[in-house]
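Visitor: Could you take one part of this model and walk me through it closely? I'd like the long version.

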There are 2 protein chains.
Amino acid sequence: MTSSTRGPRGSYSVGIARRRKIVQAAAERFAQEGYHRTALSRIAEDVGITEGGLLHHFRSKKHLLLAVMEHRFATEAEWWAGVPDDADGTEVLRAMVAATERHLAEPGLIELFVLTSAEAADPTSAAHALFADRYRRAIDELAHLFRLAVERGTLREDTDCAAVARECIAVSDGLQLQWVISQGSLDLADAVRLHADRIARTITPDGRGL
Amino acid sequence: MTSSTRGPRGSYSVGIARRRKIVQAAAERFAQEGYHRTALSRIAEDVGITEGGLLHHFRSKKHLLLAVMEHRFATEAEWWAGVPDDADGTEVLRAMVAATERHLAEPGLIELFVLTSAEAADPTSAAHALFADRYRRAIDELAHLFRLAVERGTLREDTDCAAVARECIAVSDGLQLQWVISQGSLDLADAVRLHADRIARTITPDGRGL
């Protein structure tokens with residue numbers, strides 16, 4: 001693959017386009033071969049530049065990893081924005097399962113998520129700011145969808161929407177960690193479905209599950 | 001603090017004792033000041049040896065971190081072994097909340113847990129083996145306690161004990177991550193209690209919560 005050079009070499013828009021290409025190539029390589037097993041030189045090759053050229057855009061492999069995660073979170077947020085505002089409570093919970101199935105289609109990205117989440121434990125890291133933002137948005141968005149469902153009467157009025165959203169995301173993250181540790185032998189989608197069903201049984205008006 | 005030297009210098013038992021002291025000192029420092037902010041020289045000072053002496057026992061800060069986590073998992077397993085075999089289902093779930101409160105008494109160790117869990121995502125890492133073992137044991141132990149409760153009729157017969165155990169641990173891990181990211185502003189014990197209560201309402205024979 002060669003780099004596109006529609007504008008003058010080194011121009012701003014070319015830089016942006018190249019950055020995007022690098023992130024995309026890195027996401028693919030990391031997802032397929034794993035973060036640790038992918039050499040920067042290989043990603044540079046994929047986009048038709050030298051390793052030095054790549055390092056001009058991303059100072060280190062870790063910086064590239066963060067950019068990949070940022071991209072993943074943005075894609076995920078877009079996907080969630082596609083869940084209709086008039087979805088009933090169980091549909092929102094089913095979306096949690098569907099989101100997990102999407103993750104499983106790119107198993108390498110699950111490993112990356114666990115990797116960067118650790119980085120984020122250090123409040124001075126760049127990963128920290130990224131994750132703090134991601135959690136705020138994800139919990140807010142999910143709680144918002146639950147709240148709309150409460151308003152339309154498809155979830156019980158006494159539902160603590162923020163707490164349920166937080167729990168859903170905790171289960172998803174914790175199970176992703178177990179999935180990585182078990183080297184993929186855990187049935188992740190099924191485990192998320194079990195939890196979503198349990199949630200449904202405690203917050204739907206008729207106590208029915210998924 | 002000076003090192004004890006009851007045996008001949010360098011003997012096996014002295015080595016073991018010193019190793020234990022280093023791990024203890026590291027656990028305290030990491031918990032109080034954070035992993036990243038603690039210098040190895042400071043831990044060496046705490047046990048009355050040089051940094052070179054410390055590196056003789058642990059090749060790097062990362063190796064020391066792993067030893068601290070191993071120690072934490074062992075302490076945790078001991079604590080869980082203290083939950084009586086005749087505990088009813090809700091008592092086992094309340095133990096999940098109590099375990100969280102214990103973690104919160106050593107907040108620095110929660111940060112460490114998140115840090116090492118990321119390491120563990122790499123199957124070739126030493127952290128991987130440690131975490132794989134920890135998850136197997138923790139899930140087995142918790143599932144065993146639930147199974148005993150099912151046998152005595154304090155949990156419903158159709159309870160999938162392994163799945164419930166896995167979910168409890170996922171919630172605990174996922175919420176610990178959120179707690180670290182929120183820099184301690186999340187009410188962790190309350191969030192774990194909410195989940196334990198939800199579990200109780202779906203697996204106790206009378207559908208009652210905690």
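Visitor: To start, what percentage of the 210 residues of chain A count as buried? Then please zoom in on helix α7 of chain A.

Guide: Sure. This is a predicted model, where local features need pLDDT of at least 70 and side-chain atom pairs count only at pLDDT 80 or more, while totals for chains, interfaces and linings use all residues. Residues are numbered from 1 along each chain as its sequence is written, and chains are lettered from A and ligands numbered from 1 in the order in which they are written.

In chain A, 41% of the 210 residues count as buried (20 or more other C-beta atoms, placed from the backbone, within 10 Å of a residue's own). Chain A has 9 helices and 0 strands (DSSP runs, H or I of at least four residues for helices, E of at least two for strands, numbered from the N terminus).

Now for α7(A): residues 126-151 make up its 26 residues, and the helix reaches 38 Å from first C-alpha to last, close to the 38 Å expected (1.5 Å times one less than the number of residues). Its buried residues include Phe131(A), Arg134(A), Tyr135(A), Ala138(A), Leu142(A) and Phe146(A). An α-helix has 3.6 residues a turn, so residues three or four places apart point the same way. The cover over the buried residues of α7(A) includes α4, α5, α6 and α8 of chain A, together with α8 of chain B. Just after α7(A), Gly153(A) takes a positive phi of about 80 degrees.

As for the partner chain, 34 residues of chain B are in contact with 34 of chain A (C-beta atoms, placed from the backbone, within 7 Å). On chain B's side, α8(B) gives the largest share, 13 residues.

Note on methods
Contact = placed C-beta atoms within 7 Å. Buried ≥ 20, exposed ≤ 12 C-beta atoms within 10 Å, placed from the backbone.
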